[in-house]
Amino acid sequence: MATNEIIWHYQTRQVYSSQPVQLIQYDQNVTVTGNQGHVNLAENIAYLKGGVRGISPMNESNLYSNNLTWNVVAQTIEAHGNVIYEQNRDPKLNLTGEKAVGTLVDNNIVVTNSDRQERVVTEIFPE
């Protein structure tokens, strides 16, 4: 976890930052950044807010959202608000919606909208 300012509640194993934060999971080469963050070290769950970006360079995928919950051990994410998912290989595509659930490690992301009037936008770019 990298940030300019951190508050660590040692006994409850909670880490907070009101500054931009970067979390890196080296084994799977996944990086998540946001304008603010809270990490529950006891449960290995990170909560990021504002300008969130998840990156999996190995699979050439990016996920953008307003808020994101990341289970670091299971490598699952749940993103909310202005979600954009970009996958740059096999096939190259973009998905936009209100919510995303899945894993960045293997490009397994489901994007949905709770408002039935708004549809998920899917763009596929054939070779």
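Where in the structure is the place of Asn 29? The notes below start there. The model is predicted.

1. **Asn 29.** Asn 29 sits in the loop between strand 4 and strand 5. Its phi is near 55°. That is a positive value, in a residue other than glycine. With a relative accessibility of 36%, Asn 29 counts as partly exposed.

2. **Asn 82.** Here too phi is positive in a residue other than glycine, with a value near 50°. Asn 82 lies in strand 9. Its relative accessibility is 58%, so Asn 82 counts as exposed, the cut-off being over 50%.

3. **Thr 31.** This residue belongs to strand 5. Is Thr 31 buried or exposed? Its relative accessibility is 14%, so it counts as buried, since the limit is under 20%. Leaving out residues up to four places away in sequence, Thr 31 touches two runs of the chain. One is Gln 22, Leu 23 and Ile 24. The other is Arg 53, Gly 54 and Ile 55.

4. **The nonpolar core.** The largest nonpolar core has 23 residues. Those with the most contacts inside it are Leu 48, Leu 63, Leu 68, Trp 70, Tyr 85 and Ile 109. Several strands each supply at least two residues of this core: strand 4, strand 5 (30-34), strand 7 (45-56), strand 8 (61-71), strand 9 (76-88), strand 10 (92-103) and strand 11 (108-112). Which strand gives the most? Strand 9 does, with 4 residues.

5. **Ile 109.** Ile 109 is among the core residues with the most contacts inside the core. Set aside its neighbours within four places in sequence. Ile 109 is then in contact with Leu 63, Ile 77, Tyr 85 and Leu 95, and also with Ala 100, Val 101, Gly 102, Thr 103 and Leu 104. Leu 63 and Tyr 85 are themselves on the list of core residues with the most contacts.

6. **The largest pocket.** Its volume is about 160 Å³. The lining is made by Met 1, Leu 23, Ile 24, Gln 25, Val 39, Leu 41, Asn 44, Ala 46, Trp 70 and Val 72. What is the character of the residues of this lining, nonpolar, polar or charged? They divide into 8 nonpolar and 2 polar, with no charged residue. Strand 4 (residues 21-25) provides the largest share of the lining, 3 residues. Trp 70 deserves a second look: it lines this pocket, and it is also among the residues with the most contacts inside the largest nonpolar core. Leu 23 and Ile 24 line the pocket, and both touch Thr 31.

7. **The aromatic pair.** The structure holds 1 aromatic pair. Trp 8 and Tyr 10 form it, with ring centres 5.6 Å apart. Their planes stand at 70°, so the pair is edge-to-face, a class that needs an angle over 60 degrees. Trp 8 and Tyr 10 are both exposed.

8. **Glu 5.** Glu 5 is found in the loop between strand 1 (2-3) and strand 2 (7-9). Its relative accessible area is 38%, and it is partly exposed. Not counting residues up to four places away in sequence, Glu 5 touches Tyr 16, Ser 17, Ser 18 and Gln 19. Gln 28 is 23 residues from Glu 5 along the chain. The C-alpha atoms of Glu 5 and Gln 28 are separated by 26 Å.

Technical notes
Residues are numbered from 1 along each chain as its sequence is written. This is a predicted model: local features need pLDDT of at least 70, side-chain atom pairs count only at pLDDT 80 or more; totals for chains, interfaces and linings use all residues. Side-chain values use heavy atoms; hydrogens and water are left out. Rings of Phe, Tyr and Trp (its six-membered ring) pair if their centres lie within 6.5 Å; planes under 30 degrees apart count as stacked, over 60 as edge-to-face and the rest as tilted. Buried means under 20% relative accessible area, exposed over 50%, partly exposed in between (1.4 Å probe, protein chains only). On a 1 Å grid over the protein atoms alone, a cavity is a set of points where a 1.4 Å probe fits but cannot get out, and a pocket is an open set with protein on both sides within 12 Å along at least five of seven lines; lining residues have an atom within 4 Å of a point. Grid points are joined across faces, edges and corners, and a volume is the space filled by probe spheres set on the points. Ala, Val, Leu, Ile, Met, Phe, Trp, Tyr, Cys and Pro count as nonpolar, Asp, Glu, Lys and Arg as charged, and the others, Gly among them, as polar. A nonpolar core is a set of buried Ala, Val, Leu, Ile, Met, Phe, Trp, Tyr and Cys residues joined through side-chain atoms within 4.5 Å. Contact means heavy atoms within 4.5 Å.
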